[in-house]
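Trainee: I'd like to take a close look at one part of this protein. Could you walk me through it slowly?

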Amino acid sequence: MSSINQIVLCGNVGADAEVKTLENGTKVARFRMATSMGGYKKQDGTDVPERTEWHTVIAWRSLASLCEHIQKGMRV
C-alpha cells in the first residue's frame, strides 16, 4: 500500500520561478521560498529571534505551467 506525504507552506518567493521544458515536452518549474516563524518572548523574559527557513519547490506538468506567473517577492 502506498502513502502520500503532504505539506503546506506559505511564504515569500526569493526569485522568479525557473520553468523549463524537457526533451519529452514535460514542463518543470523550480523556485525558492522563505518561511518565517515569528520571534517571541519566553515566560522567563528571554527573547527568541525570528527564524527564516528556505525551501526549494519543484512542480511538474500542469502545476509547472501555473508557476510561470510566480515572481520574486510574491506570497504563495
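What follows is one request about a strand hairpin and the charged contacts around the chain, then one long reply.

Trainee: Which strands make up the hairpin with Gly-25 in its turn, and where does the salt bridge of Lys-27 lead?

Mentor: Happy to. Keep in mind that this is a predicted model, so let's begin with how confident the predictor is. The mean pLDDT of the chain is 92, and 99% of the residues reach 70 or more. Our part starts well, since β2 has the highest confidence in the chain, a mean of 97, while strand β4 (residues 40-41) has the lowest, a mean of 84.

Now the hairpin itself. Strand β2 covers residues 18-21 and strand β3 covers residues 27-37, and the two pair in the antiparallel sense over four bridges. To see one of those pairings, find Glu-18: its bridge partner in β3 is Arg-30. Between β2 and β3 sit five residues, and in that turn Gly-25 has a positive phi of about 95°.

Next, move to Lys-27 in strand β3. The side chain of Lys-27 forms a salt bridge with that of Glu-68, 2.8 Å from N to O. This pair links distant parts of the chain: Glu-68 lies in the segment after α1 (61-66), 41 residues apart from Lys-27. How open are the two partners? Lys-27 counts as partly exposed because its relative accessibility is 26%, and Glu-68 counts as partly exposed too, because its value is 42%.

That contact has company, as the count comes to three salt bridges. One of them joins Asp-47 and Lys-41, at 3.9 Å from N to O. Here Asp-47 is exposed, with a relative accessible area of 54%, and Lys-41 is exposed as well, at 56%. Another joins Arg-51 and Glu-53, at 2.8 Å. Arg-51 is partly exposed at 44%, and Glu-53 is partly exposed at 34%.

While you're looking at Glu-68, glance at Cys-67. With 8% relative accessibility, Cys-67 counts as buried. You might hope for a disulfide there, but the count comes to zero. Cys-10 is in no disulfide, with the sulfur of Cys-67 as its nearest cysteine sulfur, 15 Å away. A disulfide needs two cysteine sulfurs within 2.5 Å, so at 15 Å the sulfur of Cys-67 is too far from that of Cys-10 for a bond.

Note on methods. Residues are numbered from 1 along each chain as its sequence is written. This is a predicted model: local features need pLDDT of at least 70, side-chain atom pairs count only at pLDDT 80 or more; totals for chains, interfaces and linings use all residues. Side-chain values use heavy atoms; hydrogens and water are left out. Buried means under 20% relative accessible area, exposed over 50%, partly exposed in between (1.4 Å probe, protein chains only). Two strands pair if DSSP finds at least two bridges between them. pLDDT is the predictor's confidence in each residue, from 0 to 100. A salt bridge is a side-chain nitrogen of Lys or Arg within 4 Å of a carboxyl oxygen of Asp or Glu.
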